[in-house]
Amino acid sequence: MSTVPTIDLNNGVSIPQLGFGVYQVPPEDTKEATLTALEVGYRHIDTAQMYGNEKGVGEAVRESGLDRSDVFVTSKLNNGFHAYEDAIAAFDLSLETLGFDQLDLFLIHWPLPGIDIDFVETWKALEEVYRAGKAKAIGVSNFQPTHLRRLIQESEIVPAVNQIEVHPYLTQEDVRAECTEHGIAIEAWSPIAQGLVLDNPAITGIAKEHDKTAAQVVLRWHIQRGDIIFPKSVTRERVEENFEIFDFELPDGDMGLITALNQDQRTGPNPDEFNWIP
Ligand code: NAD
């Protein structure tokens with residue numbers, strides 16, 4: 001079985017660089033899908049209050065027979081709970097739904113810059129959760145450089161991660177630079193752009209050379225760039241395929257070719273404009 005590298009976050013907490021994402025996994029299928037990932041060897045699961053499937057993740061971790069401390073679990077605050085007290089209560093509900101005493105990582109899911117609650121207020125609630133020892137690390141998701149700068153200026157704890165959309169068609173160099181400057185790790189969501197990049201001729205060509213699949217090449221590109229990733233699939237073969245990315249290396253030339261595919265193309269919403277509350 002492959003050994004997954006870990007990354008040390010800015011507070012010393014260690015996170016497996018490859019995990020399993022459960023966005024769009026129906027709640028009734030989540031326990032099974034997560035158990036499959038844990039069987040294959042994944043030790044990092046990315047869920048969110050918005051996905052409605054935290055319960056299945058918690059059940060799978062318990063049924064897997066693994067120690068809770070051996071599985072890194074992330075969840076995220078739902079839009080609509082950004083007020084300080086709401087965020088604290090929503091966090092506690094996440095713990096209860098998962099059936100855990102502590103989360104490994106908890107994120108503000110979206111900055112929601114257009115709503116009347118400032119994300120700095122929301123962040124103070126996450127700082128409180130962290131200080132109480134209820135989450136080992138806290139971070140943000142979908143924060144743009146301007147959001148990050150304000151958050152850092154106006155609060156005490158620097159986020160451990162920023163989880164943003166990244167793939168070969170959206171390399172996000174500006175956000176990456178801002179994160180690097182502040183020691184914030186990058187988590188790349190939709191790492192294969194939900195499949196969109198897999199038939200790109202440059203990527204399929206590189207895959208052929210390495211006797212790997214296009215998905216494996218793109219996931220490997222992320223790993224070598226230092227991104228933390230958690231591709232999603234409910235098909236066991238693909239869950240296995242996405243795990244087999246530590247037995248080859250992309251030379252600098254291939255890395256550069258893939259990075260040059262950037263076209264600033266998002267598959268998801270633009271965080272500067274997204275203010276949706278469920
Ligand atoms: P992804 O890039 O992981 O793609 C998933 C899709 O690709 C699925 O439809 C799957 O069937 C297909 N796929 C997976 N492996 C494949 C393979 N080897 N070959 C061919 N097709 C394959 O996209 P995603 O699910 O949107 O993102 C991954 C995770 O990121 C999510 O599950 C979630 O945890 C997280 N996420 C976070 C946010 C956020 O706002 N923070 C947004 C979206 C996703």
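This report looks at the fold of one chain and at the site of its ligand.

The model is predicted, so local features need pLDDT of at least 70 and side-chain atom pairs pLDDT 80 or more, while totals for chains, interfaces and linings use all residues. Residues are numbered from 1 along each chain as its sequence is written, and side-chain values use heavy atoms, without hydrogens or water.

Let's start with the fold: the chain has 10 helices and 10 strands (DSSP runs, H or I of at least four residues for helices and E of at least two for strands). Its radius of gyration, 18 Å, is close to the 19 Å that the globule rule gives for 278 residues, so the chain is as compact as a globular protein of that length (taken over C-alpha atoms; the rule is 2.2 Å times the number of residues to the power 0.38).

Now to the ligand. Around it stand 26 residues, with Asp 46, Ser 141, Ser 190, Gln 194 and Asn 242 the closest (a heavy atom within 4 Å). Some polar contacts (N or O pairs within 3.5 Å) are listed here.

| Ligand atom | Protein partner | Distance |
|---|---|---|
| oxygen | Tyr 23, polar backbone atom | 3.0 Å |
| oxygen | Asp 46, side-chain N or O | 2.6 Å |
| nitrogen | Glu 241, side-chain N or O | 3.1 Å |

The protein covers 89% of the 830 Å² of accessible area that the ligand has on its own (Shrake-Rupley method, 1.4 Å probe).

How values were computed. Polar contact = N/O pair within 3.5 Å; in protein donor to acceptor, adjacent residues only side chain to side chain.
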